[in-house]
Amino acid sequence: MAERYDRRFEGVWIPRNIWLSETLTLQEKAFLVEIKSLDNEHGCFASNEHFSKFFQLSKSRCSEVINKLKEKNLIALELKYIPGTKQVEKRIIRVNYGHEIFSERGIRNLEEGIREVEAGIRNTEAPPSEKAEDNNTVFNNTTNNTKDRQTDSPVINPNFEPIKQLFESKVRVATLADCNNIHEALDFYEPELIIEAILTGANSARSFKYILSILDNWRKELGVKTYADWQVKINAETKRSNGSNYGQAQSQKPSVFGDYCSD
């Protein structure tokens, strides 16, 4: 049965100072908002199992994200033990509202940074020639829209889209959970290694979580952490892993994202 907690639900949105933060990953932002919504007067009691089911991530990955938030002083953790034992009864998570990210100062610093970026963009724009007067409105609207996208959107890994397209061409249309797992994979593994995992597991995969499990198995069982490791330990030696045929996978492999990226 799914765990249930009292939730101070503020809506399906992320405050701008958290969403635009350059010090938090996309997963950390999502976790922080989820913890914030569950942090009532007694704190947030959600377990790693709750976060695992909610975000469709492994419990170990959830633990890593929560510890990262603790390291960044955004949350505090407290363990309650069963009296007379060393067995943990429950974990209490509390949001550190004293952190700058929640303060007006943090918001002002964020806005000042955005204004500096916008000023830099304006300074690099060459003035239009007299012959281009008729196009001024279109040019300005396009520039403003571009600025809005640059300042209102988080930085996305440039390899995300080609990886997503390859997954969709081999397995299925990517869901939100698949996209989260793609981001997670890109946090830990090289794009070329992720491609090999997709091609290896394409016939069996039902989600990107399966692809992520292949990468984790390679790392834990075979010591494969980079694409160079894969070439030496798997491709060059066995041609097979996880029951998948590498010869078939290699014949389908795009060359350096060529079939999935445009210049």
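These exercises work through a predicted model of one protein.

**Exercise 1. Find how many helices and strands the protein has, and what share of its residues is buried.**

Step 1. Start with the secondary structure. The protein has 12 helices and 4 strands.
Step 2. Turn to burial. Of its 263 residues, 36% count as buried.
Step 3. Add the surface. About 16000 Å² is exposed, and carbon and sulfur atoms supply 49% of that area.

**Exercise 2. Describe how strands β1 and β2 are joined.**

Step 1. Locate the strands. β1 covers residues 75-81, and β2 covers residues 88-95.
Step 2. Give the direction. The two run antiparallel, with 7 bridges between them.
Step 3. Look at the hairpin. Here 6 residues lie between the strands, and G84 takes a positive phi near 80°.

**Exercise 3. Is L79 buried, partly exposed or exposed?**

Step 1. Place the residue. L79 sits in strand β1, opposite R91 in β2.
Step 2. Read its relative accessible area: 42% for L79.
Step 3. Compare with the cut-offs. Buried means under 20% and exposed means over 50%. L79 is therefore partly exposed, at 42%.
Step 4. Check its surroundings. L79, Y81 and V88 make a nonpolar surface patch of about 270 Å².

**Exercise 4. Decide where the pLDDT calls for caution.**

Step 1. Take the whole protein. The mean pLDDT is 75, and 64% of residues reach 70 or more.
Step 2. Find weak stretches. Over residues 128-154 the pLDDT is below 50. It also stays under 50 over residues 240-263.
Step 3. Draw the conclusion. Where pLDDT is low, predicted coordinates should not be read in detail.

Methods: Residues numbered from 1 in each chain as written. Predicted model: local features only at pLDDT ≥ 70, side-chain atom pairs only at ≥ 80, totals over all residues. Heavy atoms only, no water. Pairing = 2+ DSSP bridges. Patch = residues over 30% accessible without salt bridge, like charges linked within 9 Å, V, L, I, M, F, W, Y side chains within 5 Å. Areas by Shrake-Rupley, 256 points an atom, 1.4 Å probe, with all protein chains shown as cover. Salt bridge = Lys/Arg side-chain N within 4 Å of Asp/Glu carboxyl O. Buried < 20%, exposed > 50% of the residue type's maximum accessible area, 1.4 Å probe, protein only. pLDDT = per-residue confidence, 0-100. Contact = heavy atoms within 4.5 Å.
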